[in-house]
Amino acid sequence: MKDSKTDTLIVIGAGITGLMTAINAKLSGLEVYLLEKGNKPSGSSVRIAGVLHSGARFAGSDNDLAKVCFEEWKWWISVLSKDKRKVGGYFIKLKNEPTEYLESWLNSLKSIGIPFSEIDSPELGKEINANNIDKYYFVPEIQINASFFTNELVKVAETLGINYLPLSSIQKAEINEDEYEVTINVGNQVKMIKGFPIITSGIDIPEVAKKFGVNLEYSIYQGSHILINTNINELLEFVHKPGTYDLLIPSESGAYITPTLVPYNRLIITEEELESISSALKNIFINKPEVIGYMTAGRISINSPKSVLKGDYIANLNNLIIAWSNNYACSRRVSYYIAEILGIKKVLTPKAFNFS
Ligand SMILES: Cc1cc2nc3c(=O)[nH]c(=O)nc-3n(C[C@H](O)[C@H](O)[C@H](O)COP(=O)(O)OP(=O)(O)OC[C@H]3O[C@@H](n4cnc5c(N)ncnc54)[C@H](O)[C@@H]3O)c2cc1C
């Protein structure tokens, strides 16, 4: 790679951002080390219910994000074979809800080009109270098993010859003539690697950045998927006015709800909040569903240094990059921006992954 910034990449953190970045770089001809602190990926990418948004969820309230999601959705549809993803999604309007938001939502879908169709009576499961529902729309959201898929990508990375180093921790990082020398512990061994670092360690980005002498201004948020004991057959969203807008995701043990009903910044959800979630759901379900568990994940918001990419986070510090994908589906976009900065090719095709 004569024209690229480096021959060797040291990617720190094997979540979806690190994996996509590492795989693209390896396919472009770089030598790649992929460091992971756990024995396998252990961040948000393996703790989510795995909706790769078409953009419909954000249409009407954040059209820029909706557009980005739709572009990424088209890419995921093109690379994921049918057995690797499920496509489905019912958006509903309840009878007692105002129509204004629905109108702006539909207008946004049309202007962005996100496919949708109004339908009569979908098979959403016996527990849905169809009497309270005014309108149904089908929108082709993708759902994947994010934990399974992320671990599959680790196998792809290893097969491609990426040096995957689980259970590793950085001891020190020193810069020498524009190139970093990174000393790491891998199990009982100490290893020194020279190369260009990409920090993709999710909510641990600040801690890793500090080892490279970079202090960040940031906030961390924890969010929960709440598991309720009810069965739905497909994805289901409520079309509410922005701000009271929730998502239900089917799972083997019930359905996950990602609430905007509760504050999105801590792990513990109070009894009152659970009660308010349950009572909000009673419009939709015949039996009041109970909350039976949580799955928590973290988000990071970095204010400084500024991101070179709107929506996701990429800081280009010339001899080091810091990156975080705002959502799982945006990881391809982030890896391609990184490729541009490094001067390498963008080669994440179905053939490259051997997905189809
Ligand atoms: C509640 C919630 C629900 C969400 N739901 C969705 C959804 O349905 N769809 C969607 O698209 N997005 C969703 N997201 C967003 C999505 O989870 C993230 O955007 C995405 O997973 C970020 O991936 P990442 O690789 O940047 O970080 P992570 O997945 O967190 O990966 C970071 C990795 O770095 C490793 N690491 C940490 N420190 C070190 C270190 N010192 N050395 C080496 N490795 C280290 C960690 O173990 C981890 O494996 C959700 C987020 C939250 C909080």
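This passage walks through the domains, the ligand shell, a small sheet and the nonpolar core of a predicted model.

Start with the overall layout. The domain assignment splits the protein chain into domain 1 (8-45 + 147-216 + 305-353) and domain 2 (54-141 + 220-299). Measuring between C-alpha centres, domain 1 and domain 2 sit 31 Å apart. The two do touch: 11 residues of domain 1 are in contact with 13 residues of domain 2. On the domain 1 side of that meeting point, helix 7 (331-342) and helix 8 (350-353) are the elements that supply two or more residues. As for the make-up of that side, it breaks down into six nonpolar residues, three polar and two charged.

Next comes the ligand. There are 39 residues around it, and the ones that come nearest are Gly13, Gly15, Gly43, Gly202 and Gly223. Two or more residues of this shell come from each of helix 1 (16-27), strand 3 (51-52), strand 13 (217-228) and strand 17 (291-304). Sorted by type, the shell holds 21 polar residues, 14 nonpolar and four charged. Both domains have a hand in it, since domain 1 and domain 2 each give at least three residues to the shell around the ligand.

Strand 3 turns up again in an open sheet of three strands, where the order is 3-8-4 and the pairing is antiparallel. Strand 3 and strand 4 (86-87) are the edge strands; each has a single partner, so one side of each has no neighbour in the sheet. Strand 4 is joined to strand 8 (residues 142-143) by two bridges, with the pair running antiparallel. Within this pairing, Lys86 stands opposite Gln143 of strand 8. As general background, strands in a sheet pair through backbone hydrogen bonds, in either a parallel or an antiparallel way.

That leaves the inside of the protein. The largest nonpolar core takes in 98 residues, and Val11 and Leu34 have the most contacts inside it. Helix 1 is the top contributor to this core, giving seven residues. Like the ligand shell, this core draws on both domains, with at least three residues from each of domain 1 and domain 2. What does Val11 contact, leaving aside its neighbours within four places in sequence? The list includes Val32, Tyr33, Leu34 and Leu35, along with Gly18, Thr21 and Ala22. Ile198 and Thr200 are also in contact with Val11. Helix 1 thus links two parts of this account, giving residues to the ligand shell and the most residues to the core.

Conventions:
Residues numbered from 1 in each chain as written. Predicted model: local features only at pLDDT ≥ 70, side-chain atom pairs only at ≥ 80, totals over all residues. Near = placed C-beta within 6 Å. Helix = DSSP H or I, 4+ residues; strand = E, 2+ residues; numbered from the N terminus. Nonpolar A, V, L, I, M, F, W, Y, C, P; charged D, E, K, R; others polar. Domains from an automatic or database assignment. Contact = placed C-beta atoms within 7 Å. Pairing = 2+ DSSP bridges. Core = buried A, V, L, I, M, F, W, Y, C linked by C-beta atoms within 7 Å. Buried ≥ 20, exposed ≤ 12 C-beta atoms within 10 Å, placed from the backbone.
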